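Me: I should like to study this structure step by step, through short questions. Please reason each answer through before giving the result.

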Amino acid sequence: MTMSAAWYLRRLSRMGPREVGGRVGDAVRRRRWRSSAPPDCPSVSGARFTAVLPAGAIAAVAPDAAKRLVADADRLMDGHAEYFGVARDDLADPDWWYDPKTGRRAPSGYAFDVPYRDEEAVGDIKQIWELSRHQYLTVLAAAYAVSGDERYAERVAAHLRSWWAANPPLRAVHWTSGIELGIRLLSWVWIRRLLDGWPGATALFEDNPVARQQIWHHQRWLAAFPSRGSSANNHIIAEAAGQFAAACAFGWFPSSERWRDAALRSLERHLKSNTFGSGLNRELATEYHGLVLELGLAAVAEADAAGVPVPSTVRLVLLRMTDALAAVVDNRLRPPRQGDADDGHGLVVDGAGTDRWGSLLSTGDAVFGRLAWWPEVTGTDVRTPLLAALLQPYAKGGKAPAVTRPASRPAHFADAGMTILRGPGEIWCRCDGGPHGFLSIAAHAHADALSVEVRHDGVDVLADPGTFCYHGQPEWRQYFRSTLGHNTLQLDGVDQSVSGGPFLWTRQAHTRVLAAGTSDASAGGTARWRAEHDGYRRDDGGVHRRVVELAAESRELRVTDEVRGPRRAARLAFHLGPAITADLAGNRAELTWTRDGEDRSAVLDLPGQLNWRAHRGESDPPLGWYSPGFGRKEPSTTLIGTGFADGAQGFTTVLRFRG
């Protein structure tokens, strides 16, 4: 996907004067750096790595977590992995610029000349970048730490030397994006930590001039080109966390203290600006909540390992994020599927099958202490005991202030506009009445105002279809972030918010929650939520209002949609999860699925004023799909009701769970 001149004008319109000035300065600096060879890093003598794990940290890893880790490491040693739905068998000796999805190889040359958004020229950039985050190497290094098998360490060393040789400073595709450099630095810190005790660790890192050159240039790059203004979302958190971690653990250079202090200031500022007071991430994209929380915890772990004081506000934000995560997950520890998701992680030391969200809650328990209403976490992981060995408990860290934590499980997050309704039989319903997204471009937002997401015992019944892709497939990117691609009402055949590009919204719907009574369903009564948005206001004052009611006694979820304004073409969508089989007859759908070997069912009564059709796995245009992870999609059933909406009548949908 190449960007047109019109896109650049739209993008420029979302920037303020300070951001424009900063980007002009970046462009001048890139041109200046292009005109001369990258400098050598300052000479270093007596470099040592002291940020090692405390005694007993590895021994605290649960045997089943270690077993999963080693099994994953063995697959990697055999050259096998899967990234974003594409299987790879070349990891024994990878080509760092190769995209296995398209078969293309990224061009060489000066980094800032690489058109990384152009799939025809480069390939799928996510496929190319992901391997070079080196998080598979942290898995191999962790396998060495728990097993003592030097094969893992030797493979890590060989791949790092190969990568460093193939990717000298400022050359080619891996020097174009700050988030990639930041996460890669964090991986290198943990690789060195986990290889401590291997005889070759010192020669690989602190005594290796090539390694020092790479570490120094990564930090020089991050100091020069921070994400700015309308782009200061999760990217700036990754950049600051990686810069800070490296400056603490690899503090060998004259600029290390300056880089460390600047990165800590950036981390403090942007963790706060990226997070609502309630603790939810402002991008309103749940996977980025997880990414930012992982990055923040890893950064504070480096501070504590190095004895660097961290402002109390940093730990407070991470505490609130952890409590918010505990509040919104369903009974199977699955969080909402809201907004964009690209399977991005901050720190990976676990094998396949480890529950990411359970791991974060386990770490939160170790660092902050769990509250009585937190859900139970029964699984184990490698990361928690390692981070907990470095992190100071919250009460001791940075003179943490006393903070009032929720006495009971929060259900309504007013600042984020998220409401969770819970009912008997593990019924879970997320109602979306929040801002469209974060910052002026709302890069990771979807046009999903007033959408609902409903699960029964962790199974997606009314599902958020997910994300699937970012670059290279514009028709799929458009579908998965569209209004029709969510469980809400579309009017006049257009989205509630106006897209200006794959990560840009030029006009955003404004939503407000009118009422959120969330406690009655769990107590045997009825919980109610009511909200509206103005995305279809245009010139005639049209407003879409939705009421959601969850009745405990009848196990019934009722959704009522009203449209104020003139008569308009309407399409009401309900996307069923991939496990759901639907038998649609007229305006009634019989839903069936299986959970843990038991048959489950529900009936969905749809508004009779609309004409209903079931769609599944259609591609022209896309309709009836579910994306379980980035780069992957599978057919699922979508029910679309077509007709007209006006102020005279509303649409009522009733979902009744049986048994």
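Me: Which residue in the turn of the hairpin formed by β13 and β14 has a positive phi?
Reply: The model is a predicted one. In it, β13 and β14 form a hairpin, and four residues lie between the two strands. Within that turn, a positive phi of about 50 degrees belongs to Arg555.

Me: How many bridges join β13 to β14?
Reply: Strand β13 covers residues 543-551, and strand β14 covers residues 556-564. The two run antiparallel. One pairing across them sets Val543 opposite its bridge partner Arg564 in β14. The number of bridges joining β13 to β14 is nine.

Me: Which residue in β25 is the bridge partner of Val559?
Reply: Strand β14 is also joined to strand β25, which comprises residues 651-657. These two strands run antiparallel, with six bridges between them. In β25, the bridge partner of Val559 is Thr653.

Me: Which are the edge strands of the open sheet with the order β8-β15-β24-β19?
Reply: This open sheet has four strands, with antiparallel pairing. An edge strand pairs on one side only. That description fits β8 (489-491) and β19 (611-616).

Me: By how many degrees are neighbouring strands of this sheet turned against each other on average?
Reply: The sheet in question is the open one with the order β8-β15-β24-β19. With direction ignored, the average turn between neighbouring strands is 25 degrees.

Me: Which residue in β24 does Ala573 stand opposite?
Reply: Strand β15 (residues 568-575) pairs with strand β24 (residues 637-645) in the antiparallel sense. Eight bridges make up this pairing. Opposite Ala573, in β24, stands Ile640.

Me: How many disulfides does a search of the whole structure find?
Reply: A disulfide is a covalent bond between the sulfur atoms of two cysteines. For Cys429, the closest cysteine sulfur is that of Cys431, at 3.9 Å, which is too far for a bond because the cut-off is 2.5 Å. Cys431 is likewise in no disulfide. The number found in the whole structure is zero.

Me: Is Cys429 buried or exposed?
Reply: A residue counts as buried under 20% relative accessible area. The value for Cys429 is 0%, so Cys429 is buried.

Me: Which residues does Ser359 touch, not counting those up to four places away in sequence?
Reply: Ser359 lies in helix α15, which spans residues 356-368. With a relative accessible area of 4%, Ser359 is buried. Leaving out residues up to four places away in sequence, Ser359 touches Asp381, Arg383 and Thr384.

Terms used
Residues are numbered from 1 along each chain as its sequence is written. This is a predicted model: local features need pLDDT of at least 70, side-chain atom pairs count only at pLDDT 80 or more; totals for chains, interfaces and linings use all residues. Side-chain values use heavy atoms; hydrogens and water are left out. Buried means under 20% relative accessible area, exposed over 50%, partly exposed in between (1.4 Å probe, protein chains only). Contact means heavy atoms within 4.5 Å. Two strands pair if DSSP finds at least two bridges between them. Axes are lines fitted to C-alpha atoms, for helices over the stretch in contact, and angles run from 0 to 180 degrees between N-to-C directions.
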